[in-house]
Amino acid sequence: MFVKTNLVGVNTIVIREFNRIIRIWAQTIVPPAITATLYFVIFGSLIGGRIGDMGGYSYIQYIAPGLIMMSVITNSYGNVVSSFFGAKFGKHIEELLVSPLPNWLIVAGYTVGGVARGLIVGGVVTVITLVFTRLHIHNVLVVLSAVLLSSVVFALAGMINAIFAKNFDQITFIPTFVLTPLTYLGGVFYTITLLPDWAQHVSHANPILYMVNAFRFGFLGASDVNVGLAYAIMIGAAIVLYAACVWLLQRGVGTRE
Amino acid sequence: MQALTFRQLTKTYKNGVQALKGIDLEVAEGDFFALLGPNGAGKTTSIGIVTSLVNKTGGKVEVFGHDLDTELAAAKTCIGVVPQEINFNQFETVSTILVNQAGFYGIPRRQAHERLDKYLNALQLWDKRNAVSRTLSGGMKRRLMIARALMHEPRLLILDEPTAGVDIEVRRSMWTFMKDINTAGTTIILTTHYLEEAESLCRNVAIIDQGRIIENDRMSRVLRKLQTEVFVFNLRNPVASAPDLPGYQVTLSDDHTLEVEVSKDQNLNDIFSRLSAQGLEVLSMRNKSNRLEELFMRLVNQDARSKAVGA
């Protein structure tokens, strides 16, 4: 009985999150599409043509996987952080907290919501990419698994941010001062082999570098990092962050008194 | 069976405030129970612990025999709660809020829609089913929260100030609805500042003050503990001074209004006959204050005095 109850419960969270993404499409889907278009116009077509090849591919082809991954990461994160914090702020998170749904399913429901937005936006950006260039696919399984795992990791990271956040400043702080720099320095626009040795070493401490490169490997078959290590990092991060979210909800951090 | 049991329930907040100091309480199945107390007494903390929005510091809580520490999901399934503050998503429609709420309790969407029809009709919100919830009036929002709490048809309904800010007409219709729900078998725990509400609806009452239960009995027995009541008499003709009524404490509020304190062993007939004998004609009469309110104030003040003496 509890299995059925839990299935209906988690399904309800997912439907609610999906409806929220669609209801506020002008905030959730349109801005990343416009941003991606500008990146392709400016960095891909205008400047990219003068840069020449990178890693053996035209610049626009090289940055395309990174730009898709960047939109997936920021939107997966952004969806959960805004939705969960919004629920805390509006107090309707209490609807879930007083319900019999276990915390691990509440986390799972929000994560699926974040992944849904990440993949929807990723899909839109992919379509925009195809307007500007061809996308060669080296390994479709790597493409799908890398995007899915990255999306899960950042949806969970967004949830942790939302759990601790006490005001709206605190849900914009991490995306602005941590996530954006890490994304830009994570090999989206360049191969780290262009960097001096010390900067390459520092770049290896950036988890986004592994995600972008694993994803890029799926398209181009080229990567700055060991793809096996990238998977280990993504799976490890997903497990640790999921456990952390459940533990925080169990303890009532940021949600119960 | 007890719908709710507290055993030595304690709660100390991080800032050191001891909100509950070892409360024992039992609410029987089917009861309509009032939990009263001044602001900050510990009512909302108690409710928060039952609904697991507040972590208890110590003690034990059982809901229909389900221990909150070991059978949390089963206990939660039995509870429906209407909190003091509006806590639904104000950007969602009335129907969406209710269907989602049912979903969180494992009720499939088709069944949720049937219940939605039932409760929106009963609470006179059917016309608003497609309205975005933030556009509802205050009274409608309160009724929506009651409908939401009932979507999974809980055995125990906890109403924390359900009629706060609601006009008298809507309040009365909500009382009727709550009585019907209780008659149908749902145990109800009510906290309210409208003591008239508690007096007319509830069979049993607990009064909580500064984290302790200072009274817990049947409503009728609690009210009988009130030794005196003050009656207000409106006179047809003005009087210059309070009439002499030996055995009664009489004050003249204005030249047409008398206030007489009547104890349980005295009676109103005696007062009427004495006023009549003095040529005073009474136009109307009423209680000076709600009986429960008066008792409540006395108990709370008495508790504060005994603590001051103890200190």
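**A helix pair, a shared core and an interface**

The crossing of helices H3(B) and H5(B) is right-handed. This description, like everything below, refers to a predicted model. In chain B, helix H3 covers residues 94-104 and helix H5 covers residues 138-150; the two pack with their axes 8 Å apart, at an angle of about 25°. H3(B) is therefore roughly parallel to H5(B), since angles under 35 degrees are counted in that way.

It is worth looking at which side chains belong to this pairing. From H3(B) come Val94(B), Ile97(B), Leu98(B) and Gln101(B), and they meet Leu144(B), Ala147(B) and Arg148(B) of H5(B). Sorted by class, the contact of H3(B) with H5(B) has 5 nonpolar residues, together with 1 polar and 1 charged.

One of these residues, Ala147(B), deserves a second look. When its neighbours within four places in sequence are left aside, Ala147(B) is in contact with Leu98(B), which lies in H3(B). Its other contacts of this kind are Tyr119(B), Leu120(B), Leu123(B) and Leu125(B). Ala147(B) also appears in the largest nonpolar core, a set of 151 residues. Along with Ala147(B), the residues with the most contacts inside this core are Ile158(B) from chain B and Val153(A), Met159(A) and Met211(A) from chain A. Which helix supplies the largest share of this core? That is helix H4 of chain A, residues 59-89, with 17 residues.

Stepping back to chain B as a whole, its secondary structure comes to 10 helices and 14 strands. The C-alpha trace of the chain spans about 75 × 50 × 35 Å along its principal axes. Of the 311 residues in chain B, 40% are buried. Among contacts in chain B with a separation of 6 or more, 67% join residues 24 or more positions apart.

Finally, how do the two chains meet? In chain A, 23 residues are in contact with 25 residues of chain B. On the side of chain A that touches chain B, helix H1 (2-23) and helix H5 (93-97) of chain A each supply at least two residues. H1(A) gives the most to this side, with 8 residues. By class, the side of chain A that touches chain B has 8 nonpolar, 8 polar and 7 charged residues.

Technical notes:
Residues numbered from 1 in each chain as written. Chains lettered and ligands numbered in written order. Predicted model: local features only at pLDDT ≥ 70, side-chain atom pairs only at ≥ 80, totals over all residues. Contact = placed C-beta atoms within 7 Å. Nonpolar A, V, L, I, M, F, W, Y, C, P; charged D, E, K, R; others polar. Buried ≥ 20, exposed ≤ 12 C-beta atoms within 10 Å, placed from the backbone. Core = buried A, V, L, I, M, F, W, Y, C linked by C-beta atoms within 7 Å. Axes fitted to C-alpha atoms, helices over the stretch in contact; angles between N-to-C directions. Parallel < 35°, antiparallel > 145°, perpendicular 65-115°, else oblique. Left-handed = near helix turned anticlockwise from the far one by under 90°.
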